[in-house]
Amino acid sequence: MTLQAQPSGRLTDHIGLGVLSARFHRDLIEEVINRTGCREKRSRRLPAHVMLRYVIAMGLYAQESAEEVMRRLVGSLRMLGSWSDDWQVPTGSAITQARQRLGVAPVKELFERAAVPLAGPGTKGAWLARRRLMAIDGTSFDVADTPVNVERFGRMGSGPNASAYPKLRVTAVVECGSRAVVGAVLGPCGTGERTQAVELTGVVEPGMLLLADSGFYSFELFNRFAATGAELTWRVGASVSLGLVRWLSDGSYLALIYRPGLSAERRRRLAQTVTDGGEAPADTARLVRVVDYTVPDRNPDGELITVITTITAPTDVPAMDLAGAYHDRWEEESALNEIKSDLRGRGEVLRSKTPDLVEQQMWGLLLAHYAIRALLVDAADEAGYDPDRLSFIRGLRLVRRQVTDQAAISP
């Protein structure tokens with residue numbers, strides 16, 4: 001006779017996320033649990049390592065009930081002959097209590113440890129002149145309308161114009177080629193994107209080219225990101241003063257950007273000093289290259305787009321290439337829309353009732369999105385495709401099937 005092997009230990013010790021476990025493997029999860037001190041003091045049906053996986057599963061099944069998410073994780077165990085008769089799917093309240101015990105820190109730590117750039121040297125659409133294209137942007141998510149969520153996150157607007165739900169502000173750094181979110185900051189909707197962006201300087205590094213729209217520009221923030229060693233290409237509005245230094249061969253020009261509050265005469269003298277071969281004080285002005293262009297197909301009225309960059313040599317990256325690269329910033333918006341519309345569900349609300357669980361759920365969404373994006377990049381690189389050609393929603397459906405089919409242990 002043939003004996004069917006049974007897994008040792010508690011049933012929940014064998015719950016995994018199928019194809020996602022390759023990105024968030026058990027050793028990493030155990031290390032995160034140890035570092036954040038969330039390991040349970042006594043044996044529980046829902047230990048910390050299970051709940052970390054469960055929070056990621058919530059990102060995959062954001063519209064399902066708490067019990068249904070857990071049911072999907074263990075749904076194939078009976079078929080695999082590894083179902084423990086004395087283990088039942090916990091109630092919603094038991095799952096919520098386990099989430100509360102887990103807290104925010106380990107899920108955030110897992111994201112920060114696991115979410116690294118995915119594009120390899122051959123990944124199409126990920127590079128410009130040997131620099132990894134990155135973008136920074138922000139968005140907001142509706143959260144459950146509870147008093148504590150309103151107090152923590154606030155509403156957009158006020159009085160009769162206030163938003164129907166409190167909103168969580170998310171500012172993120174995305175790798176353009178893979179659309180993978182590799183850094184994020186969460187907070188109240190009243191906190192501006194520039195304020196949150198300061199916490200993301202540690203995500204960028206030399207060898208990257210960071211793109212940003214005009215809403216992020218300030219002299220101080222631009223300098224903070226430039227100090228990381230990454231190159232920058234940021235759009236600026238018409239109100240930003242640019243002191244012409246000299247024109248360049250490709251139609252771009254060198255100019256100074258200034259610390260706020262300088263008089264017109266002071267700005268003029270600084271520009272003249274640099275034109276004559278001198279240097280401006282670093283805390284007062286910075287030399288950048290400026291590219292002005294229009295996109296007639298998108299802006300029939302001839303709107304002028306102005307971007308400034310730390311790449312000052314036209315022979316390094318020509319102006320036309322920088323203008324084209326700036327529009328890769330839309331990959332960030334596409335990534336955030338995948339999270340909001342495909343994972344969370346269009347028009348849906350993050351249903352966690354308390355601020356800590358809202359943030360925990362958001363980190364779970366980011367982890368789920370990252371894992372799917374990693375799967376698509378692997379597939380695209382293997383086939384020699386640009387990852388943009390692969391459908392995110394099809395990848396999501398594949399992962400959802402795999403999670404259900406391989407919920408517990410490898411056959």
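Two strands count as a pair when DSSP finds at least two bridges between them. Keep that in mind for the first view, and remember throughout that this is a predicted model.

**Figure 1. Strands β7 and β8 make a hairpin.** Strand β7 covers residues 243-247, and it pairs with β8 in the antiparallel sense over four bridges. Across this pairing, Trp247 stands opposite Tyr253 of β8. Between the two strands of the hairpin come five residues. Look in the turn for Gly251, which has a positive phi of about 95 degrees.

**Figure 2. Strand β8 is largely enclosed by the rest of the structure.** How many of the six residues of β8 (residues 253-258) are buried? Six of the six are, so the rest of the structure largely encloses this strand. Buried here means a relative accessible area under 20%. Follow the side chains along the strand: Tyr253, Ala255 and Ile257 point one way, while Leu254, Leu256 and Tyr258 point the other way. Besides pairing with β7, β8 is joined by six bridges to strand β9 (residues 285-293), and β8 and β9 run antiparallel. In that second pairing, Leu256 stands opposite Leu287 of β9.

**Figure 3. Phe111 and Trp363 form an aromatic pair.** Searching the whole structure turns up five aromatic pairs. A pair of rings is described by the distance of the centres and the angle of the planes. For Phe111 and Trp363, the centres are 5.3 Å apart and the planes are at 45 degrees, a tilted arrangement. Which parts of the chain does this pair tie together? Phe111 belongs to helix α5 (residues 105-114) and Trp363 to helix α12 (residues 355-383), so the pair links parts that are 252 residues apart in sequence. Both Phe111 and Trp363 are buried.

**Figure 4. Four aromatic residues gather in one cluster.** The members of this aromatic cluster are Tyr217, Phe222, Phe225 and Trp234. Zoom in on Tyr217 and Phe222: their ring centres lie 6.1 Å apart and their planes meet at 55 degrees, so this pair is tilted. Tyr217 and Phe222 are buried. You will meet Phe225 and Trp234 again in the next view, as they are among the residues with the most contacts inside the largest nonpolar core.

**Figure 5. The largest nonpolar core has 92 residues.** In soluble globular proteins, nonpolar side chains tend to be buried together. Phe225, Trp234 and Met362 have the most contacts inside this core. Which helix gives the most to the core? Helix α12 does, with 13 residues. Leaving aside residues up to four places away in sequence, Met362 touches Phe141, Leu168, Val170, Leu186, Ile339 and Leu350. A second, separate core has 18 residues, including Tyr293, Ile305, Val307 and Ala319.

**Figure 6. Two charged side chains lie over ring faces.** Lys340 lies over the face of Phe141, 5.5 Å from the ring centre. You may recognise Phe141 as one of the residues touched by Met362. Elsewhere, Arg389 lies over the face of Tyr385, at 4.3 Å from the ring centre.

**Figure 7. Gln63 touches residues far along the chain.** Find Gln63 in the loop between α2 (48-60) and α3 (66-74). Gln63 touches Arg344, Gly345, Glu348 and Arg351, not counting residues up to four places away in sequence. Although 288 residues separate Gln63 and Arg351 along the chain, their C-alpha atoms are 9.0 Å apart. Is Gln63 buried or exposed? The answer lies in between: its relative accessible area is 47%, so Gln63 is partly exposed.

**Figure 8. Ala129 and Arg179 have a positive phi although neither is a glycine.** Ala129 has a phi of about 50 degrees and sits in the loop between β1 (127-128) and β2 (131-142). Arg179 has a phi of about 60 degrees, and its place is the loop between β3 (167-175) and β4 (180-188). Compare their surroundings: Ala129 is partly exposed at 27% relative accessibility, whereas Arg179 is buried, with a relative accessible area of 15%.

**Figure 9. The chain has 13 helices and ten strands.** Use this view to place the close-ups. Of the 411 residues in the chain, 52% are buried. Among contacts between residues at least 6 apart in sequence, 68% join residues at least 24 apart. The accessible surface of the chain comes to about 18,800 Å², and 48% of that surface belongs to carbon and sulfur atoms.

Methods. Residues are numbered from 1 along each chain as its sequence is written. This is a predicted model: local features need pLDDT of at least 70, side-chain atom pairs count only at pLDDT 80 or more; totals for chains, interfaces and linings use all residues. Side-chain values use heavy atoms; hydrogens and water are left out. Rings of Phe, Tyr and Trp (its six-membered ring) pair if their centres lie within 6.5 Å; planes under 30 degrees apart count as stacked, over 60 as edge-to-face and the rest as tilted. Buried means under 20% relative accessible area, exposed over 50%, partly exposed in between (1.4 Å probe, protein chains only). A charge sits over a ring if NZ of Lys or CZ of Arg is within 6 Å of the ring centre and within 35 degrees of the ring normal. A nonpolar core is a set of buried Ala, Val, Leu, Ile, Met, Phe, Trp, Tyr and Cys residues joined through side-chain atoms within 4.5 Å. Contact means heavy atoms within 4.5 Å. Accessible areas come from the Shrake-Rupley method with a 1.4 Å probe; for residues, only the protein chains shown count as cover.
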